[in-house]
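Here is a short report on one protein chain. Two single residues come before the empty spaces and the overall fold.

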Amino acid sequence: MKRSLLALAAGLMLAVSASAQVDSWQIDPNHSAAQFAVRHLGISVVRGAFTKTNGTVQYDPADPAKTAIDVTIDATSVNTRVEVRDKDLRGPSFFDVEKYPTITFKSKQVKSAGNGKLKVAGDLTIHGVTKEVFLDVDGPNGPLKDPHGNQRMGATATTQISRKDFGVSGSPDGVADDVLITIDVELKKPAAPPK
């Protein structure tokens, strides 16, 4: 009898283990943005965003360490609400988008950082230069089901970088070196097709 119960328990554990899986989520570009803040002349903060963000997240809620993040940002979509400044930011003194049209982030390690938070290490590539950065992530929040039956989750990630480390060195007397980056993402997993 004991052997039968042990076999049954082992079978249940294997079934639960098999059902836990890493799910693939798509970044919803209509509800996501990569934003930045940088000091101007040491007296004020200028904020901007990249309005085109895409990518995928592999996520296992039972084991956050299995998370894998792959994000691509369209550098040409930079928007600070001032067209002259945005044109300058797209030019060779800053992002040089003709040579480097995308900014990418690929995670290398994900750890739990307490209740509802993650610490993510990964490679950030800007202006053709790749450096390791660390993201503090609040979330993921959810999942929940939208009116169309899709699963959705959200998260916010922040980090601070030195722009000069990435070769973005324009206007050294007017624009500070340190840049605060905030990435707000909404993730979507399409509803399963009807059988």
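Aspartate 23 sits in strand β1, which covers residues 23-27. The model is a predicted one. Is aspartate 23 buried or exposed? Its relative accessible area is 19%. Aspartate 23 counts as buried because that value falls under the 20% cut-off.

What does the side chain of aspartate 23 pair with? It makes a polar contact with the side chain of lysine 189, at 3.2 Å. Lys189 also appears among the residues that aspartate 23 touches, along with Val57, Gln58 and Tyr59. That list leaves out residues up to four places away in sequence.

Alanine 62 lies elsewhere, in the loop that joins β4 (53-59) and β5 (68-74). Its relative accessible area is 63%. Alanine 62 is therefore exposed, as the cut-off for that class is over 50%. Alanine 62 and valine 22 are 40 residues apart in sequence. In space, their C-alpha atoms are 8.9 Å apart.

**Empty space**

Rolling a probe the size of a water molecule over the atoms shows where empty space is left. Here the count gives one cavity of 30 Å³ or more. There is also a largest pocket, with a volume of about 600 Å³. The table sets out both spaces.

| Space | Volume | Lining | Nonpolar / polar / charged |
|---|---|---|---|
| Largest pocket | about 600 Å³ | 31 residues | 22 / five / four residues |
| Largest cavity | about 260 Å³ | 19 residues | 17 / two / no residues |

Take the pocket. Phe36, Val38, Leu89, Phe95 and Val179 are the lining residues nearest its centre. Which elements give two or more residues to the lining of the largest pocket? One helix is on the list, α2 (83-90). The strands are β2 (33-40), β3 (44-50), β7 (102-112), β8 (117-126), β9 (129-145), β10 (151-162) and β11 (175-189). The largest share, six residues, comes from β2. The pocket lining includes four charged residues.

Now the cavity. Val57, Ile69, Val137, Ala155 and Val185 lie nearest its centre. At least two lining residues come from each of β4, β5, β8, β9, β10 and β11. Strand β10 gives the most, with four residues. The cavity lining has no charged residues. Val57 links back to the start of this report: aspartate 23 touches Val57, and Val57 is one of the residues nearest the cavity centre.

**The chain as a whole**

How many helices and strands does the protein chain have? It holds two helices and eleven strands. From the N terminus, the order is α-β-β-β-β-β-β-α-β-β-β-β-β. Of the 195 residues, 37% count as buried. Among contacts with a separation of 6 or more, 51% are between residues 24 or more positions apart.

**Confidence**

The mean pLDDT of the protein chain is 88. A pLDDT of 70 or more is reached by 88% of the residues. Residues 1-19 are another matter: there the pLDDT is below 50. Beyond near neighbours in sequence, that stretch has zero contacts in the model. Where pLDDT is low, the predicted coordinates should not be read in detail.

Key:
Residues are numbered from 1 along each chain as its sequence is written. This is a predicted model: local features need pLDDT of at least 70, side-chain atom pairs count only at pLDDT 80 or more; totals for chains, interfaces and linings use all residues. Side-chain values use heavy atoms; hydrogens and water are left out. pLDDT is the predictor's confidence in each residue, from 0 to 100. Contact means heavy atoms within 4.5 Å. On a 1 Å grid over the protein atoms alone, a cavity is a set of points where a 1.4 Å probe fits but cannot get out, and a pocket is an open set with protein on both sides within 12 Å along at least five of seven lines; lining residues have an atom within 4 Å of a point. Grid points are joined across faces, edges and corners, and a volume is the space filled by probe spheres set on the points. Ala, Val, Leu, Ile, Met, Phe, Trp, Tyr, Cys and Pro count as nonpolar, Asp, Glu, Lys and Arg as charged, and the others, Gly among them, as polar. Buried means under 20% relative accessible area, exposed over 50%, partly exposed in between (1.4 Å probe, protein chains only). A polar contact is a pair of N or O atoms within 3.5 Å; within protein, one must be able to donate a hydrogen and the other to accept it, and residues adjacent in sequence count only if both atoms are side-chain atoms.
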